[in-house]
Structure formats: C-alpha cells, structure tokens
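Got a model open and wondering where its labels come from? Let's put values against cut-offs.

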Amino acid sequence: MAVRSLSPNPSFNASPGPNRDLPAQNVYPSMTKPGPGMRLLAFDDGGVRGLTMLLLLRDVLQQFKQAVGLPSLPLPCEYFDIIAGSGTGGFIALLLGRLRLSIENALECYVRVVDHVFAQIKAGGNFKVTPFEKVLKEISNRFGEGEDTPILDSHSFPCKTFVCIRENNGSGNTVFRKIRTYARTTEPTVQCTLLEAVRATMSNPAFFKPLSVQNGRSSVTLLDAGDQHYNPVFDLYEEALFFYPTREVAYFLSLGPGKADTVGVNPPRRFVNQPRLPPSVISTLRRLADCCDHTASAFQAENGDFDNKYFRLSPAFPSYDEKIRWEQEEVLEELISPYLTAVYELIMALVLAMMNERAARHGSSR
C-alpha cells in the first residue's frame, strides 16, 4: 500500500467519500435517548484464528431463529447495537457491522483470506501484505462501495462498529485508538477506508508488516490493539455507556477463538494438508488467547454478569491429538461440537435474553 498522509488530528485521512463531512453532533442524535436495552457483541483478536468465532455466532443465531420461528438466519447487524473487535475479530466485526453481511457471506470472506493469505507464509514467518490487500479490495468491491469504501457508515440505520488499534509516532509514544464507523463528539473522527481499518487492527508484527502512514512530516506506525485490548470487552462497555447512559444491558456476547490449550502444535509433515505455522506464530496465538482470557476474567470480576446478561463463549477443549486445526469450516465444526454441547444451557439463556429484548422492542413500537 502506498504511504498516505495524515491530517493534523491523530488519525489517518482518506480521500473524500459520501457523508464523511457530517457534523459529529448531528450524526446520531437519538443515541442518548432512553430506550431499550443495549445489545453488545465483542470479538477477540485470534491472530489467524477467527473462523471459530463466526461458527459460534452462527450456532447462537440458528438457535434464536428456531426459537422465534424466523424464515432465515437473521443478520447480526440487526440484533446488536454495537459490534467491536480487535485483530482478526476486528475484521469480522467490520464484515458483520460496517458491511452488514450475513454469517454465510462473512464466512465466505474469511475463508478467502485463509486460502489466499494465511496459506502463504513468508520466509520470515509472517504473512504477505499484498495478497491480503488484494482480498480486502475484492471484498470492498463486492459488498461495499468500491476499493475505497469509507469506514464511516452512511446507512440509514447503521450498526455501530469499531476496531481497536495503536498509533506509534516513532518516539516511543504509543497511543490506543478506536476506529469507528460513526462519530463520537468527544474524540476526533478517524477518516479512513475499510481496507485501512482492517490492515491497522491486524498489524501484529508476528502476522503482518504494520501499516505506516504520514502525519505531516513524521511517520506513524499503526499497530494492533495491544495486550489490554485484544479482547475489547472493556472498550465496548465504555463505548456503550457513553452513548446509552440511561440504558441497561439486554445481552452482551463476547466471543473468542479458544483458550491457549486449544491452539495445539503442528501435525507431522506426512499428514500435512495445511501450512506449517512457524513456532513464533504458534507462540503468539497462545499469548493472544491468554491475554483475551485474562481480560475476560477481569471484566467479569469487575462487572459481574449483568444479571445473567453477559455471555462469554470461547472453546476450552483441545483437539484429541493436541494438534492445531487449520481454519476450515468442517474441521472446526467437529472440534467445537463437544464445547457447544457443554455450553448449550448458556447459549439458550442468551437466546432467551435475545427473545425478551426482541419482544420488548416490538411491543414498544406499537
């Protein structure tokens, strides 16, 4: 990607796009009005592991569809007010929130990244940027507004979505930021493309060369979210309280790709039908999982479960042979099947919360 210039604000500046100059205070005037409960969805940074989180969400929505009697699987953007993610989870969040994709289309996009990006490991152990950006452009062209699809959402009923990143100006000063699809009056609005937002939140040096941009005469490096934000639950809850200070949590779903024990090790070469992940990548995957689980525990210790409205789903059962499972739908469905059975009652409690909130909203609209 060519180096871009930054505006004086601490954010990178994209070319003009539709509705990008709306005054921040006028974008969503109804956000702070009292109303129904908050419906929140958070995705962990899984490194190269992300497919599991989509499969977990699909199972939840399938259970909800059956319980309510919907004719088809509902769009996640219609049942969550704010979606947040970091790294791989940030990519998924933008697919579901900014692009308003169905689970199946999001799975298709994610698998394309797996096949064309994660399957190509460089000699240094990380992944190639050029094919990654090519796939992101394809996704933007097919589901967005072209290659330069803006991060700011002009949809009449947008699903508010943000991803977590850090900015490093080269002087050792690293600052945490949120790239949002909407405006927040207390912070500068980051104006960039969807592609740049995904590249930024997935800029863990273990996986990709970080994205560098120009801020005046100096260069700024955009990095992944960092240890305290790989699981964005605290960031999402803070965001929700800012926009909805009078509302209570209707349901809060936090999804992870699996605990550190589920990462596994490379299988023997003679059985390999997948890339062999370098030791540095496997180590980083375990570290990400540990960071996310630590944040999840800290969040629940500080906030409780919001009267049984907070739900954390992240597989805990390793594969029977303790080998890593590649990002393939059928393979991971088999791997997480015992976990889904173990957490069935938790999922049904979430489904009940979703049903109650749906009924409350339909009742208030009459």
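Below are some questions and answers on the labels used for this structure.

This is a predicted model, in which local features need pLDDT of at least 70, side-chain atom pairs count only at pLDDT 80 or more, and totals for chains, interfaces and linings use all residues. Residues are numbered from 1 along each chain as its sequence is written, and side-chain values use heavy atoms, with hydrogens and water left out.

Q: Why is K178 called buried?
A: Buried means under 20% relative accessible area, exposed means over 50%, and partly exposed is in between (1.4 Å probe, protein chains only). K178 has 9%, so it counts as buried.

Q: What makes K178 and E238 a salt bridge?
A: The term asks for a side-chain nitrogen of Lys or Arg within 4 Å of a carboxyl oxygen of Asp or Glu. Here the closest N and O atoms are 2.8 Å apart, so the pair fits. It ties together distant parts of the chain: K178 sits in strand β5 (residues 174-180) and E238 in helix α6 (residues 233-243), 60 residues apart. Helices (H or I, at least four residues) and strands (E, at least two) are DSSP runs, numbered from the N terminus.

Q: Why is E238 called partly exposed?
A: Its relative accessibility is 35%, so it falls in the in-between class.

Q: What other residues are linked with K178 and E238 in a network of salt bridges?
A: R180, R184, E187 and E239. Within that set, the side chains of E187 and R180 meet at 2.9 Å, N to O. R180 is buried at 4%, while E187 is partly exposed at 33%.

Q: How do you know that the span of helix α1 agrees with what is expected?
A: The expected span is 1.5 Å times one less than the number of residues. For the 18 residues of α1 (residues 51-68) that gives 26 Å, and the end C-alpha atoms are 26 Å apart, so the two agree.

Q: What makes α1 largely enclosed by the rest of the structure?
A: 13 of its 18 residues are buried, so that description holds. Just after α1, G69 takes a positive phi of about 85 degrees.

Q: Which residues have the most contacts inside the largest nonpolar core?
A: F43, L57, F118 and F252, in a core of 109 residues. Such a core is a set of buried Ala, Val, Leu, Ile, Met, Phe, Trp, Tyr and Cys residues joined through side-chain atoms within 4.5 Å.
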